[in-house]
Amino acid sequence: MGDRDHNTPLVSFINWREKHISERQFILLLSLVVGVLTSFAALLLKWLIEKIHYAVEYGIDVSGWTWMLLLFPVLGILLSGLYIKYVVRDDIGHGVTKILYALARRNGRIKPHNMWTSMVASAITIGFGGSVGAESPVVLTGSAIGSNIGRLFKMEHKTLMLMIGCGSAGAIAGIFKAPIAGLVFVLEVLMLDLSMGSLLPLLLSSVTAATISYVITGTDSLFHFVAADQFSLDRIPYVLLLGVFCGVMSLYFSQTMYRVETVFGKIRKNSLRFISGAVILSTLIFLFPSLYGEGYDTIGILLSSGKNMDALSLTLLDNSLFNGQGTMLIIYLVLVMLFKVLASTATNAGGGCGGIFAPSLFMGCISGFVFAEMLKYMFPAVSISTQNFALFGMAGLMSGIMHAPLTGIFLIAELTGGYSMFLPLMMVSISSYLTVRLFQPHSIYSMRLAQRGDLMTHHKDQSVLLLMRIDSVIETNFISLTTDMDLGQLVNVISKSSRNLFPVLDASGRLIGVVNLDSIRNIMFRRELYHRFKVERFMESPRARLAITDTMDAVMRKFDDTGAWNLPVEDENGKYLGFVSKSKIFSTYRNVLLEISEE
């Protein structure tokens, strides 16, 4: 049986590959495969959402359909929640946060079921009208594909992290037809450091995924945009002000979502969470029908050329409580903008599965439109295009919410074909990002991880410490003592040990003190004292104790605070496990640093 296991086709292929294909060439091949698979995953998810959406809206002929549409999102949340609870049996929400955690704490390992489970759940949620986006689930899917392909071929930890990046880049490029945005997303949001060795695989995955999407769905951009007028330098102050406004709205979005999720997280019963989320979502959709679904229809309307305010009012206010009241359009849009984050949070917290890409684009488009209209109302002499500002707002909100200005710039340019607006897109994105950073140092994806100390960053020192594990630096070659041993027995132990530190344990294996060789060096050869003194006389309390659950950042702080060279480690029950020494940490630190810094 063992011989057959060692001669499986996969093992044979791995052995053949190691002899005939270099590591770099094979990584490029894997990145190509990941790009193909993630593109098809993105296309499949979009197809599923469209089919479910079509069945819900057009395949069911029910009189009073507007009332039924209030029930469809609730049904989607219910079905998605039941699917997750009884089929998946695992938490698949917060897709990008899970990727960041896998990079920091799971050695680049993402569970195999994530290659498909979040796609099914999000298709049900969004297809039935949930107020979230499909992009984060497909990014998790792409990252899981990359991780598991790397694991299948026994790739090392560093390559697994790169494959996750390739999967994420391919997913973004595939679903948005935005290869550059896929690349910079990995750099900014997943915080993977680019090197010459990793740049080409990421580009290959992005371009491959985008090309397949172009071939299958055509070359049209996701949103049709034609610049109403060319950008002129006299509008720079207004564009910068829009960026500040987008930064404030990004802060509102992130903080509101964080706090509402915290409130929902305190509800222990799944049924009560579902009811709460369903009531909130249905109420909001009843009041503001624009909150139904991803919101891409609303974005398309606001970006389309030739739409005057009367036409916009007729289209956007249809079936709402504001129907027929065109003068209330701006107030309606402001309320929709403010309540979108609550609708999205209620969708996910109630049992649905979706991301914040679409909500951020939706809020950003409305923010830019409302800002421009208010500016024209207050300063009638100002000549600006609300259509252009709606485009700028999308970049501003995405940059602020994700703390990713480059992603916001390139994604909006690629989504809409608005390359002629690159300069104002850059201004809005950067000013939005700088504004939100004044109040919130972390993005919505990394906020909770940063609080727990589980966030990988571009700060090399912190990233190395995060990749290290305390159990990998524990040394166990210390001979333990008991309090009833005398000096003679202690000297005998010392003669057999290569260390100058000795833990003193009780009967249950708990550490009660340590004996340092320096404290007995002056009497250890005085035989007349061997039976007079006990170990308890020489025992000292350790300067600090480390827990097996401590992060390496916390370990280093304890070393700095105490000035110790060795500190004992205890398990969750307080039992002694061994010692951690500074020299071991420095040695491991150097090895990890070399590993993540290699080209």
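Here are short questions and answers on a predicted model of a protein chain.

Biologist: What kind of model is this, and which pLDDT do local features need?
Modeller: It is predicted; totals use all residues, side-chain atom pairs count only at pLDDT 80 or more, and local features need pLDDT of at least 70. Residues are numbered from 1 along each chain, and side-chain values use heavy atoms, without hydrogens and water.

Biologist: How many helices and strands are in the protein chain?
Modeller: Both are DSSP runs, numbered from the N terminus: helices are H or I with at least four residues, strands are E with at least two. The count is 26 helices and 6 strands.

Biologist: Which helix gives the largest share of the largest nonpolar core?
Modeller: A nonpolar core joins buried Ala, Val, Leu, Ile, Met, Phe, Trp, Tyr and Cys residues through side-chain atoms within 4.5 Å. The largest has 125 residues, and Phe176 and Ile299 are among those touching the most other members. Its largest share, 12 residues, comes from helix H16 (residues 357-378).

Biologist: Is Thr141 buried or exposed?
Modeller: Thr141 lies in helix H7 (residues 135-152). Buried means under 20% relative accessible area, exposed over 50%, partly exposed in between (1.4 Å probe, protein chains only). Thr141 has 0% relative accessibility, so it counts as buried.

Biologist: Which side chain makes a polar contact with that of Thr141?
Modeller: A polar contact pairs N or O atoms within 3.5 Å; within protein, one must be able to donate a hydrogen and the other to accept it, and residues adjacent in sequence count only if both atoms are side-chain atoms. Here the distance is 3.2 Å, and the partner of Thr141 is Ser118.
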